Amino acid sequence: VGKKVQAIYLWWHKPVIDKELLQSLPNLKVIANSGVGMDHLDLNLVASFGVKMANAPRAVSSTTADTGMALLLASARRLVEVHNISISPSMEYCEADILGVKVAGATLGIIGMGSIGYKIALRAKAFEMNILYHNRTRRKVQEEQAVGATYCKNMDNLLQQADFVMLVVSLTAQTHKLIGKRELELMKPTATLINISRGAVVDQEALVAALQTGFIGAAALDVTSPEPLPRDHPLLKLKNIIITPHLGTKTDKATYMITEEAVENILAALNGLPLPSEVLPS
């Protein structure tokens, strides 16, 4: 049926798009992705076959921003740890020294201020946080003022000031291991690193060392590399970390909206119209 296929809808990186598959589909016009991240695709390879590509940014931005804030709050108030204490058979009273971190008045540093990063800023403003951000391009002054965000041209300045650092960047050659040993050592010893982008944006070996030695206070990860981590991975043995299995977009409504957005892009491509969410190779 290869000659009949004109569109592919990618769900959770399946099917794998390689040269062999592309060669077998001579009439393929478009690949629609179920999410924002396109790091699983060789964009230049796909484009060389004259195939358009689209993602689903509108469908996932709010849900992923919710996940980022949920991880921030859960880490700050040690929710997983105190849940386990609360359901323990030996629970008699809450230990007085189980103290969380106050979120209101704390400084949040957002690395990557695209649509998701901006929605995180909106949520953080409601929690009365001070907001710093680092991005390839600076937002408009009106957009900064709307959320009370301050631009940091130098990422190091953000890392040194933030109580919570939220990673919301796409995975590219430039952002691979963006946060490594040097960056972690710049952070406050009480700071929390939150990653809702891609696991490979963080040097995980350096993160293990930073958490074990107290260079940073905690981490909350919705993404790892690989996913899931091997069951003997040292990150799974630490107490000052929360790990969730890439839940960023996983709500009933978001899943429906992702499919709608993909269909919208596919129909546009098949009818020779501009794709609402077209992704071009860099």
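Searching the whole of this predicted model turns up 12 salt bridges. One of them pairs the side chains of Arg198 and Asp39, with nitrogen and oxygen 3.0 Å apart. The two partners come from distant parts of the chain, 159 residues apart. Arg198 sits in the loop that runs between strand E8 (192-195) and helix H9 (204-213), while Asp39 belongs to the loop between strand E2 (30-33) and helix H2 (43-48).

That pair also matters for reading the domain layout. The protein chain splits into domain 1, made of residues 2-55 + 251-271, and domain 2, which covers 60-243. At the contact, domain 1 puts in 8 residues and domain 2 puts in 5 residues. As for spacing, the C-alpha centres of domain 1 and domain 2 are 31 Å apart. About 560 Å² is buried between domain 1 and domain 2, and carbon and sulfur atoms account for 63% of that area. On the domain 1 side, the residues that lose the most area to domain 2 are Val36, Asp39 and Ala254, which together make up 56% of what that side buries.

Now for the polar side of this interface. Between domain 1 and domain 2 there is 1 salt bridge, and the count of residue pairs in polar contact, with both residues at pLDDT 80 or more, is likewise 1. Sorted by class, the side of domain 1 that touches domain 2 holds 4 nonpolar, 3 polar and 1 charged residues. Asp39, from the stretch assigned to domain 1, meets Arg198 in a side-chain salt bridge at 3.0 Å, N to O. Asp39 thus turns up twice here: as a salt-bridge partner and among the residues of domain 1 that lose the most area to domain 2.

Aromatic pairing is next, with a count of 2 aromatic pairs. In one of these, the ring centres of Tyr133 and Tyr151 are 5.2 Å apart and the ring planes make an angle of 50°, so the pair counts as tilted. This is another link between distant parts of the chain, with 18 residues separating Tyr133 in strand E5 (residues 130-134) from Tyr151 in strand E6 (residues 149-151).

Strand E5 is also home to His134. The His134 side chain reaches the backbone oxygen of Lys153 at a distance of 3.3 Å. Leaving aside residues up to four places away in sequence, His134 touches two runs of the chain plus one further residue: Ile110, Ile111, Gly112 and Met113, then Cys152, Lys153, Asn154 and Met155, and also Leu158. Lys153 therefore appears both as the residue whose backbone oxygen the side chain reaches and in the contact list of His134. The backbone has a few oddities to go through as well. The peptide bond from Lys14 to Pro15 is cis, its omega near 0°, and Pro15 falls in the loop between strand E1 (7-10) and helix H1 (19-23). A cis peptide bond also runs from Glu227 to Pro228, here with omega near -5°. Pro228 is placed in the loop between strand E9 (218-221) and strand E10 (241-243). Arg78, although not a glycine, has a positive phi of about 55°. Arg78 lies in the loop that joins helix H3 (57-76) and helix H4 (79-86).

How values were computed. Residues numbered from 1 in each chain as written. Predicted model: local features only at pLDDT ≥ 70, side-chain atom pairs only at ≥ 80, totals over all residues. Heavy atoms only, no water. Domains from an automatic or database assignment. Contact = heavy atoms within 4.5 Å. Buried area = accessible area lost by both parts, 1.4 Å probe. Salt bridge = Lys/Arg side-chain N within 4 Å of Asp/Glu carboxyl O. Polar contact = N/O pair within 3.5 Å; in protein donor to acceptor, adjacent residues only side chain to side chain. Nonpolar A, V, L, I, M, F, W, Y, C, P; charged D, E, K, R; others polar. Phe/Tyr/Trp six-rings, centres within 6.5 Å; stacked < 30°, edge-to-face > 60°. Helix = DSSP H or I, 4+ residues; strand = E, 2+ residues; numbered from the N terminus.
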